Amino acid sequence: MIKKLHDMGIKSGHMYTAGLCSIGLAFGSWLLSTKAESAGLDRADRWGIFIGEWAPTFFAMGLALRMEETHRDLEEPSVGMFEQESTRSRSHAGV
């Protein structure tokens with residue numbers, strides 16, 4: 001699943017941002033529920049906790065995507081100065 005997300009272009013930074021937004025949304029939903037609904041503080045707490053539980057999931061997915069990005073960087077061959085020499089055809093002097 002993580003590889004598929006990475007192939008779709010979702011980066012670890014996107015998941016970290018979603019985690020931070022989830023924390024803000026949890027606080028906002030709790031605050032809105034305490035002011036707008038007459039159900040009481042218990043219901044507002046449930047809304048805040050429900051949305052607040054998304055943040056660890058987003059952060060965990062961000063870490064998994066970071067590992068996927070790092071793993072991909074290590075797998076891709078880098079072309080350095082010494083590797084370019086080995087790909088050229090070599091000929092003996094005078095031939």
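**Note on a predicted helical chain**

1. The secondary structure of the chain amounts to 5 helices and 0 strands, and, followed along the sequence, these elements give the pattern α-α-α-α-α. The coordinates belong to a predicted model, and the points below should be read with that in mind.

2. For the chain as a whole, buried residues account for 19% of the 95 residues, while the exposed area comes to about 7500 Å², of which carbon and sulfur atoms supply 64%. Where contacts in the chain join residues at least 6 apart in sequence, 74% of them are between residues at least 24 apart.

3. Helix α2, which runs over residues 12–36 and has 25 residues, spans 35 Å from its first C-alpha to its last, a value close to the 36 Å expected at 1.5 Å a residue. The buried positions in α2 are S12, M15, G19, S22, A26, S29 and S33. An α-helix has 3.6 residues a turn, so residues three or four places apart point the same way.

4. S33, which lies in helix α2, deserves a separate remark. Its relative accessible area is 4%, and S33 therefore counts as buried, the cut-off being under 20%. Leaving aside residues up to four places away in sequence, S33 touches R43, A44 and W47.

5. W47 appears again on the surface, where L25, W47, F50 and W54 together make a nonpolar patch of about 400 Å². Of these residues, W54 is placed in helix α4, which covers residues 54–75. W54 counts as partly exposed because its relative accessibility is 34%, a value that falls between the limits of 20% for buried and 50% for exposed.

6. As for the record, an unreviewed UniProt entry carries the annotation "transmembrane region" for residues 12–32 and 47–65, and such annotations may be inferred rather than shown by experiment. In the model, residues 12–32 are 100% helix and 0% strand, with the end C-alpha atoms 30 Å apart. Residues 47–65 are 95% helix and 0% strand, and the end C-alpha atoms of that span lie 28 Å apart.

How values were computed. Residues numbered from 1 in each chain as written. Predicted model: local features only at pLDDT ≥ 70, side-chain atom pairs only at ≥ 80, totals over all residues. Heavy atoms only, no water. Helix = DSSP H or I, 4+ residues; strand = E, 2+ residues; numbered from the N terminus. Expected span 1.5 Å × (residues − 1). Buried < 20%, exposed > 50% of the residue type's maximum accessible area, 1.4 Å probe, protein only. Patch = residues over 30% accessible without salt bridge, like charges linked within 9 Å, V, L, I, M, F, W, Y side chains within 5 Å. Areas by Shrake-Rupley, 256 points an atom, 1.4 Å probe, with all protein chains shown as cover. Salt bridge = Lys/Arg side-chain N within 4 Å of Asp/Glu carboxyl O. Contact = heavy atoms within 4.5 Å.
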